[in-house]
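Welcome! Here is a structure to look at together, with a few questions about how its features get their names.

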Amino acid sequence: MSETLYELRGITKKYDKRSVLRVDELDIERGEILALVGPSGAGKSTLLRLLNFLETPSSGSIRFHGEIFDAARQPSLDIRRRVTTVFQRPVLLRRSVRANVAYGLRLRGERDADARIDETLAQVGLAEMAHQPARTLSGGEAQRVALARAMILRPDALLLDEPSANLDPYNVGLIESIASDLNQEQGTTIVLVTHNIFQARRLAHRVALLLEGRIIEVADVERFFTAPSDPRTRAFTRGEMIY
Amino acid sequence: MIVSRDPQLTEIVLLSLQVSGIALLFSTLIGVPLGALMGLSRFAGRRFAIVLLYTGMGFPPVVVGLFVYLMLSRSGPLGSLHAAWIPALFTPGAMVLAQIIIAVPLVAGFTMAAVMGVDRNLRQQVESLGATSWQSAMAAITEARAGVIVAIIAGFGGIISEVGAVMMVGGNIEGKTRVLTTAIVLETRKGEFDLAIALGVILLSLTFLSNVVMLRLQGGTIDD
Ligand SMILES: Nc1ncnc2c1ncn2[C@@H]1O[C@H](COP(=O)(O)OP(=O)(O)OP(=O)(O)O)[C@@H](O)[C@H]1O
Ligand SMILES: [Mg+2]
């Protein structure tokens, strides 16, 4: 587990001259689950967009799969397709549940994946709703479709942005067990953004705290929660943070 | 009943459908991609292009007719070329050209509005699923399909009922360029009100029927 999948160096991201992210150094190991925690507006989703190559950093570089990408060099389609995100507010296509789950495969020109689609639908507990229009689903069901359409692609890196926010305990448990299975059985590297520090503790191997766009501390999960080196980490995990 | 009174009626109806149908086909092929491009991409001068497009949506057909007339007339810039692909004045081809100019801004303008209404996050999310920029544009158009159909219907409505341009560049020649709207004008002038009314009813029914057909294409999207 020592091989790195991502190496971020000197990353900054500005929107209209306002700097929202400044990550001097961050390595993400292949096969790990890294949790990103931090208050609202800290830049967590922004960091995921950079990791998915949906936006370019204002400066700095991201090494991914042995190649270095920056503002001027964008990854090829093949490389970009090795990462995908389950977004904080998933937007599903106005199609059936099944068509939504099949969508990423269709983009790749894979058309005979019926068995894989059925299997994935079953995994997220949506087999019976396969033909329902996706826009009619409940919040928890929609979130599971979003997870299904991402995991079916078997990405090297799966970026989860609050995948279980606002869900009931059953759905939270389901999504967590799927994430952990993907990680253990397929070796999928997972970056998990969560507001729920208990979830971070249950799932992650390492945890990073992001404050105002900067990484304050990255540590193994045990250390992060029991013996953090930064007082702000301790304050955050105890829910005492004054922003 | 009407047919027996005027044996040329079928011809007029068919020509109307043919001219406006072909014009609509070309307007869709040009207008939908143009509208999608303007709605989805950011380029220098986009604002100005949008103003132009909106102006185009309100072009008075007679002005378009005048423009096409001048272009195609013997001494006009296109007419003087005598190229095979340039239609001559007072032919159905000239009418098609005028109607394309009327319909393209309508189709493009409404398509643009429709794709701009698609959740911005959707494009980013399909890109995250591995879409190329082409594929993500297609996804946006597909999401906006109800609006795109409306755009095509608006384009059709704008040209099937239009009289100024076809009159000018077609000339309302019996058996050659006479369509429903120009026939209505003519019959009314002659005092043949019964026939004019009958033609009007046919025009209305045709518009109604074509809208029904297009709404069927729109299918389930109205309900979800
Ligand atoms: N496209 C954008 N344009 C301008 N500002 C943006 C944009 N995207 C994000 N921001 C700003 O960047 C900052 C970080 O946003 P981000 O969405 O990454 O936060 P977050 O940590 O994910 O917060 P939350 O926990 O509330 O989701 C915020 O202040 C936000 O307003
Ligand atoms: Mg966020």
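The questions and answers below go through a ligand site, a helix pair and some aromatic rings.

Q: What should a newcomer know about this model and its numbering?
A: The model is predicted, so local features need pLDDT of at least 70 and side-chain atom pairs count only at pLDDT 80 or more, while totals for chains, interfaces and linings use all residues. Residues are numbered from 1 along each chain as its sequence is written, chains are lettered from A and ligands numbered from 1 in the order in which they are written, and side-chain values use heavy atoms, with hydrogens and water left out.

Q: What makes a residue part of the surroundings of ligand 1, and how many residues are there?
A: A residue is near a molecule if one of its heavy atoms lies within 4 Å of it. For ligand 1 there are 14 such residues, the closest being A:Ser40, A:Lys44, A:Ser45, A:Thr46 and A:Gln88.

Q: Why is the pair between A:Ser45 and ligand 1 called a polar contact?
A: A polar contact is a pair of N or O atoms within 3.5 Å (within protein, one must be able to donate a hydrogen and the other to accept it, and residues adjacent in sequence count only if both atoms are side-chain atoms). A polar side-chain atom of A:Ser45 is 2.7 Å from an oxygen atom of ligand 1, so the pair qualifies. A polar side-chain atom of A:His195 lies 3.1 Å from a ligand 1 oxygen atom, and a polar backbone atom of A:Gly43 lies 2.9 Å from one.

Q: Which helix gives the most to the shell around ligand 1?
A: That is α1(A), with 4 residues. Helices here are DSSP runs of H or I with at least four residues, strands are E runs of at least two, and both are numbered from the N terminus.

Q: How do you know how α2(B) and α5(B) pack?
A: Two packed helices are described by the angle between their axes and the distance between the axes. For α2 (residues 9-40) and α5 (residues 92-116) of chain B, the angle is about 35° and the axes are 6 Å apart. Axes are lines fitted to C-alpha atoms over the stretch in contact, and angles run from 0 to 180 degrees between N-to-C directions.

Q: How many helices and strands does chain B have?
A: Chain B holds 11 helices and 0 strands.

Q: Which residues form one aromatic cluster?
A: A:Tyr6, A:Phe53, A:Phe64 and A:Phe69 do. Rings of Phe, Tyr and Trp (its six-membered ring) pair if their centres lie within 6.5 Å, and the structure holds 5 such pairs over all chains.

Terms used: Phe/Tyr/Trp six-rings, centres within 6.5 Å; stacked < 30°, edge-to-face > 60°.
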